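Let's take a stroll through a protein and the molecule it holds. Have the sequence and the 3D view open as you read.

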Amino acid sequence: MDLGLKGKTALVTGSTKGIGKAIAVELAKEGTNVIVNGRKLEVVQQVVAELKKKFPETTPQAAAYDLSQDAQRQKLFKAFPQVDILVNNMGIFKPMNYFDISEETWQKFIDVNFYSGNALAKFYLPKMLKDDFGRIIFIASEEAVMPSGEMPQYSLTKTMNLSLAKSLSKLTKGTHVTVNTIMPGSTLTEGVQQMLTDMYKNTELPETEWESDFMKHHRPLSQIQRLIRPEEVGRFTAFVDSPYSSSFSGEALRLDGGLVPTIF
Ligand code: NAD
């Protein structure tokens, strides 16, 4: 299916690896010109080169900025004053005991996971409204609606994404601009692979069984009993970015393999 994204420009924050990179790849596959973001220029340039080689008809660009810093965001805005699609994907997570979370840590999580996306939306949304087309997507997590208690400082920021996306969607009434949140469940990124390695490397369990054991004991509510693949999140995000997805507005979209128990 052609998603109608050819020639559009998309900024995907935190797109040098993991879910963000998978989103960048799926968007480029659809002919979108992706602005790749990360903090290290050489890593960002590497991903840009990869995209250009794989999808030569597109024009990927490098945006190496730490978007948790206002001065760096201003540089981004100067270099890329307009985008059709903004995917606020960048985020940090770390299991922590509530009593060990300092004020500084709370602030850092809020700055990186919430405030940066807010600042980007505030800058790009008025231009989208003027053009009468745009997509803003926040990549939250099932932790937004079902905090596990394993990382309170993270879960809070994901709930903040949901609330903000809903408020922003109210500003788009009657236009062809949409703002939505996607909530993936546990996804097999390099970071999650490392977590599995750390958990199981000194056990008897063969590597082929790590994922199923993890799901059985740590994600017992998952219906699919497997980790989600980054490409699955990428494909779904590309679909929600598409002009054909114009009826998703202010939605909190679940992509968690049935992890969050609901009645329907
Ligand atoms: P990741 O750690 O694999 O990648 C994060 C990306 O963000 C990297 O490209 C990194 O360079 C970039 N980044 C981090 N801080 C940055 C900053 N200050 N400025 C610019 N770039 C920065 O992460 P991931 O696992 O792919 O997660 C991506 C998003 O998906 C996050 O918002 C996360 O909360 C969410 N999520 C992840 C999972 C999962 O299981 N992996 C599940 C649900 C939601």
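Here is a short tour, from the whole chain down to single contacts.

## The whole chain

First things first: this is a predicted model. The chain has eight helices and seven strands. If you drew a box around its C-alpha atoms along the principal axes, that box would be roughly 55 × 40 × 40 Å.

How does the radius of gyration fit with a compact globule? With 264 residues, a compact globule would come out near 18 Å, and the chain has 18 Å, so the two agree.

## Where the ligand sits

Now look for the ligand. The space it takes up is the largest pocket.

Around the ligand you'll find 28 residues, and those that come nearest are Thr16, Ile19, Asp66, Asn89 and Tyr154. What kinds of residue make up this shell? There are ten nonpolar, 14 polar and four charged ones.

Some pieces of the fold chip in with at least two shell residues each: α1 (18-29), β2 (33-38) and α5 (152-170).

## Backbone contacts

Zoom in on the backbone and check a few distances to the ligand. Asn89, one of the residues that come nearest, has a backbone N or O atom 2.6 Å from a ligand oxygen atom. Gly14 also has a backbone N or O atom facing a ligand oxygen atom on the list, at 3.4 Å. For Leu67, the partner is a nitrogen atom of the ligand, and a backbone N or O atom lies 3.1 Å from that nitrogen.

How much of the ligand does the protein bury? Taken alone, the ligand exposes 840 Å², and 93% of that is buried by the protein.

Terms used
Residues numbered from 1 in each chain as written. Predicted model: local features only at pLDDT ≥ 70, side-chain atom pairs only at ≥ 80, totals over all residues. Heavy atoms only, no water. Near = heavy atom within 4 Å. Polar contact = N/O pair within 3.5 Å; in protein donor to acceptor, adjacent residues only side chain to side chain. Areas by Shrake-Rupley, 256 points an atom, 1.4 Å probe, with all protein chains shown as cover. 1 Å grid on protein atoms, 1.4 Å probe; cavity = no way out; pocket = protein on both sides within 12 Å on 5 of 7 lines; lining within 4 Å. Sits in = over half its atoms within 2 Å of the grid points. Helix = DSSP H or I, 4+ residues; strand = E, 2+ residues; numbered from the N terminus. Nonpolar A, V, L, I, M, F, W, Y, C, P; charged D, E, K, R; others polar. Rg over C-alpha atoms; globule rule 2.2 N^0.38 Å.
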